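Hi,

Here is the structure I said I would pass on. Have a look at it first, and then read on for what turned up when I went through it.

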Amino acid sequence: MKARFAALVGSSLAIGPALAQNMNAEAAQRFVTGKLFAFRCVDGSGGSGRIYADGSVIGKIQSNGLQPERPVWLPPGTLRVKGNLVCASLKGLSFEPCFNLTRTGERSFRGSVNGMDLIAFCDFTR
């Protein structure tokens, strides 16, 4: 569950595709830190959350759009910058997922799992 939420949030936040621009990790940090975003993912999951400067996340998630919303808290250091990507460090996960972040508007972006942009993404709106 924590892995999914980190993937959704990290995935790694709409005016339209013409304004879409990839954000490097530094730009992404400035754009999302401390702000509350609602998200909806390609698998139907959704929720809302806030990412803090220390890499922690507090929010809520609804799996597959069918389950009741549940609170989620990810500790400091969960999300961190690795090169130009934002990655999630999660206990129990054998790999560290990293995310591409594409700004889609003044108050929105798309986060996708690196290498799976077309099939594993979430849209975030402030």
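I'll start with helix H2, where Glu26 and Arg30 are exposed on one side. The other residues worth pointing at are Ala25, Ala28, Phe31 and Val32, which are buried. Those four span an arc of only 120 degrees around the axis, so they sit on the same side of H2. After the helix comes Gly34, with a positive phi near 80 degrees. Before you read too much into any of this, keep in mind that the model is predicted.

For the overall layout, the protein chain has 2 helices and 10 strands. In sequence order the pattern is α-β-α-β-β-β-β-β-β-β-β-β. The chain has 126 residues, and 45% of them count as buried. It exposes about 6800 Å², with carbon and sulfur atoms supplying 55% of that.

Now to strand E2, residues 36-41. Which of its residues are on the covered face, and which on the uncovered one? Phe37, Phe39 and Cys41 make up the covered face, while Leu36, Ala38 and Arg40 make up the uncovered one. That fits the usual picture, since side chains in a regular strand alternate between the two faces of the sheet.

E2 has two partners to look at. With strand E3 (residues 46-51) it pairs in the antiparallel sense, over 5 bridges, and Ala38 has Ser48 of E3 as its bridge partner. The two strands form a hairpin with 4 residues between them, and Gly44 in the turn has a positive phi of about 95 degrees. The other partner is strand E10 (residues 121-125), which runs antiparallel to E2 and is joined to it by 4 bridges. There, Phe39 stands opposite Phe124.

The aromatics are the part I'd look at next. There are 5 aromatic pairs. In one of them, Phe31 and Phe109 have ring centres 6.3 Å apart and planes at 80 degrees, so the pair is edge-to-face. This pair links distant parts of the chain, with Phe31 in helix H2 and Phe109 in strand E9 (residues 108-113), 78 residues apart. Phe37 and Phe109 also form an edge-to-face pair, at 5.4 Å centre to centre and 75 degrees between the planes. Here the link is between strands E2 and E9, and the two residues are 72 apart in sequence.

How buried are these rings? Phe109 counts as buried because its relative accessibility is 1%. Phe37 is buried too, at 2%, and so is Phe39, at 4%. Phe31, Phe37, Phe39, Phe109 and Phe124 form one aromatic cluster. Phe39 also has Gly111 at 9.7 Å, C-alpha to C-alpha, although 72 residues separate them in sequence.

Two arginines have their charged ends over rings. Arg126 is over Phe31, 5.9 Å from the ring centre, and Arg110 is over Phe121, 3.8 Å from the ring centre.

Arg110 brings us to the salt bridges, of which the structure holds 5. As a reminder, side chains of opposite charge can pair when their charged atoms come close. Arg110 meets Asp123 at 2.6 Å, N to O. Again the pair links distant parts of the chain, Asp123 being in strand E10 and Arg110 in strand E9, 13 residues apart. Both are partly exposed: Asp123 has a relative accessible area of 28% and Arg110 has 32%. Elsewhere, salt bridges that share partners join Arg80, Lys82 and Glu96 into one network.

Within that network, the closest N and O atoms of Glu96 and Arg80 are 2.3 Å apart. Glu96 is in the loop between strands E7 and E8, and Arg80 is in strand E6 (residues 79-82), so their salt bridge ties together parts that are 16 residues apart in sequence. Glu96 counts as partly exposed at 22% relative accessibility, and Arg80 likewise at 40%.

One more salt bridge to check is Glu69 with Lys60, at 3.5 Å, N to O. Glu69 is partly exposed at 42%, as is Lys60 at 36%. Arg70, in strand E5 (residues 70-74), is partly exposed as well, at 41%. Its C-alpha is 8.5 Å from that of Gly59, which is 11 residues away along the chain.

Cheers

Key. Residues numbered from 1 in each chain as written. Predicted model: local features only at pLDDT ≥ 70, side-chain atom pairs only at ≥ 80, totals over all residues. Heavy atoms only, no water. Buried < 20%, exposed > 50% of the residue type's maximum accessible area, 1.4 Å probe, protein only. Pairing = 2+ DSSP bridges. Phe/Tyr/Trp six-rings, centres within 6.5 Å; stacked < 30°, edge-to-face > 60°. Lys NZ or Arg CZ within 6 Å of the ring centre and 35° of its normal. Arc of directions from axis to C-beta. Areas by Shrake-Rupley, 256 points an atom, 1.4 Å probe, with all protein chains shown as cover. Salt bridge = Lys/Arg side-chain N within 4 Å of Asp/Glu carboxyl O.
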